[in-house]
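This report walks through a single protein chain, from its overall surface to selected details of its helices and backbone. The sequence and the structure come first.

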Amino acid sequence: MVTQGTGPSDVGRTYAPAQAVPSRLPSLTGLRFVAAMMVFATHVVWYTQLIPGDTGKELREAFALSGSYGVGFFFILSGFVLTWTARSDDTARSFWRRRLVKIGPMHLVTFGLAAILVLSTARPTRAVDWLASLTLQQAWFPSIQTSSAVNGVAWSLACEFFFYLAFPALLPLVRRIRVEWLWPAAGAVLVLIAGMFLVATYVVTDQPRLVAFSVSGEVSFTQVWFVYFFPPVRALEFVLGILLARIVAAGRWPRIGLVPAFALAVAGYVIALYLPYLAGTAGLATVWTAPLIAAAAVADRQRAASVFRRPAMVYLGELSFAFYMVHWIVIMTAAELIGPTRTFSLTTGALLVLALLLVALAASFVLYRCVETPLVRRFGRHRPGPGGTDLPAAPTPLRRAGHRVPE
């Protein structure tokens with residue numbers, strides 16, 4: 001089936017849709033696990049001393065930003081997926097319900113598990129930290145203690161929660177952009193992302209200096225918070241994902257294959273390691289992953305080869321949300337049990353890291369099967385009905401193809 005065009009604005013297509021368009025984009029699901037593993041890598045080498053000596057030091061330097069790179073990828077992907085799956089008969093109320101069913105139960109369960117860890121280790125936690133973390137508001141606080149309270153990775157879920165609230169208002173605005181203006185709009189978002197780095201560097205206070213993680217006294221936590229945690233700033237990556245979905249749907253994405261796009265994302269990460277910390281840790285770095293998302297979507301539409309589409313990768317991608325939410329708890333629990341001074345040989349340390357990965361995967365499997373899947377099936381189905389604000393349909397090529405991407 002040849003996808004219907006959208007009129008004169010379709011002149012200059014850079015690729016032609018496949019004859020038979022698949023109903024899903026599984027490569028994007030597979031890529032989710034790659035991003036989750038990047039986050040795991042940062043946390044396991046920085047929050048434990050399992051890998052000793054020079055090797056451990058080199059790994060900490062190599063993976064210092066892989067966690068932030070993976071999180072930025074998720075933010076762009078989220079905007080892409082939500083736009084790709086927008087339905088003409090949807091309402092804001094129905095959309096919010098489905099998103100809450102998707103993230104809420106998993107957050108509450110992992111919050112409870114993390115709370116046990118916090119209480120058992122007597123980690124200083126104030127009432128505001130507990131409340132902000134429970135209600136997914138911690139990312140709004142320019143406090144290192146509050147933003148990372150309880151389950152240390154849940155701050156990104158606070159950003160996603162903000163994105164979900166804003167999406168029914170954002171999508172109609174982006175849908176009004178004419179096809180020929182999509183690339184200029186994406187360029188404008190990139191300029192704004194770069195501008196946030198400049199604001200953080202030259203406007204936000206650089207005192208007191210933060211000496212933690214890989215920052216080494218270069219910047220203040222307030223500067224880090226502004227570019228890394230603050231939901232409105234991170235929403236720029238989400239908007240970039242929305243625009244990217246429209247660009248791909250309109251056939252305006254250039255012929256960049258999946259392998260070159262992946263190489264570009266890897267090169268972007270290497271570059272980020274040599275940028276100033278504020279540039280390498282958030283949106284200005286993770287925009288390098290945007291071509292990978294678009295190329296993976298195009299590869300699936302054209303049925304081109306994709307390693308990320310293999311069944312094992314897709315299933316691990318389905319586990320990625322649960323894995324992301326539980327892995328930090330597993331790592332921090334292991335760090336407490338092992339202790340900060342105990343050392344191991346390189347071989348033993350590597351085996352222990354592998355064991356932590358397997359434990360986190362096993363826990364994510366249980367959470368996925370027992371929490372996420374049954375509740376989404378029971379309460380997360382699309383139910384069109386009166387009331388609320390209608391969400392615009394996805395662009396014509398997508399709607400005709402019936403695309404569906406699990407998130």
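About 17500 Å² of the protein chain is exposed, and carbon and sulfur atoms supply 67% of that area. The model is a predicted one, and the values below are to be read as computed from it. Of the 407 residues of the protein chain, 54% count as buried. The secondary structure consists of 17 helices, with zero strands. Among the contacts in the protein chain with a separation of 6 or more, 82% are accounted for by residues 24 or more positions apart.

**A helix pair**

Helix 4, which covers residues 92-121, and helix 16, which covers residues 346-379, have axes that come within 9 Å and cross at roughly 155 degrees. Because angles over 145 degrees count as roughly antiparallel, helix 4 is roughly antiparallel to helix 16. The crossing in which helix 4 passes helix 16 is right-handed. On the side of helix 4, the contact is made by R97, V101, K102, P105, M106, V109 and T110, while helix 16 contributes L367, V371, E372, L375, V376 and F379. By residue class, the contact of helix 4 with helix 16 divides into nine nonpolar residues, one polar residue and three charged residues.

**Backbone details in the loops**

Two residues other than glycine have a positive phi, and the table sets out their values alongside their locations.

| Residue | Phi | Loop | Relative accessible area |
|---|---|---|---|
| A122 | about 55 degrees | between helix 4 and helix 5 (127-134) | 63% |
| L136 | near 55 degrees | between helix 5 and helix 6 (144-147) | 7% |

Is A122 buried or exposed, given its relative accessible area? A122 is exposed, because its relative accessible area of 63% lies in the range over 50% that defines this class. L136, by contrast, counts as buried, because its relative accessibility is 7% and the cut-off for burial is under 20%. A122 lies in the loop between helix 4 and helix 5, whereas L136 is found in the loop between helix 5 and helix 6.

A further backbone feature concerns a peptide bond. Which residues does the cis peptide bond join? The bond links Q207 and P208, with omega at about -10 degrees. P208 itself lies in the loop between helix 8, residues 182-202, and helix 9, residues 221-229.

Definitions and conventions:
Residues are numbered from 1 along each chain as its sequence is written. This is a predicted model: local features need pLDDT of at least 70, side-chain atom pairs count only at pLDDT 80 or more; totals for chains, interfaces and linings use all residues. Side-chain values use heavy atoms; hydrogens and water are left out. Axes are lines fitted to C-alpha atoms, for helices over the stretch in contact, and angles run from 0 to 180 degrees between N-to-C directions. Helices (H or I, at least four residues) and strands (E, at least two) are DSSP runs, numbered from the N terminus. Angles under 35 degrees count as roughly parallel, over 145 as roughly antiparallel, 65 to 115 as roughly perpendicular and the rest as oblique. A crossing is left-handed if the near helix is turned anticlockwise from the far one by less than a right angle, and right-handed if clockwise. Contact means heavy atoms within 4.5 Å. Ala, Val, Leu, Ile, Met, Phe, Trp, Tyr, Cys and Pro count as nonpolar, Asp, Glu, Lys and Arg as charged, and the others, Gly among them, as polar. Buried means under 20% relative accessible area, exposed over 50%, partly exposed in between (1.4 Å probe, protein chains only). Accessible areas come from the Shrake-Rupley method with a 1.4 Å probe; for residues, only the protein chains shown count as cover.
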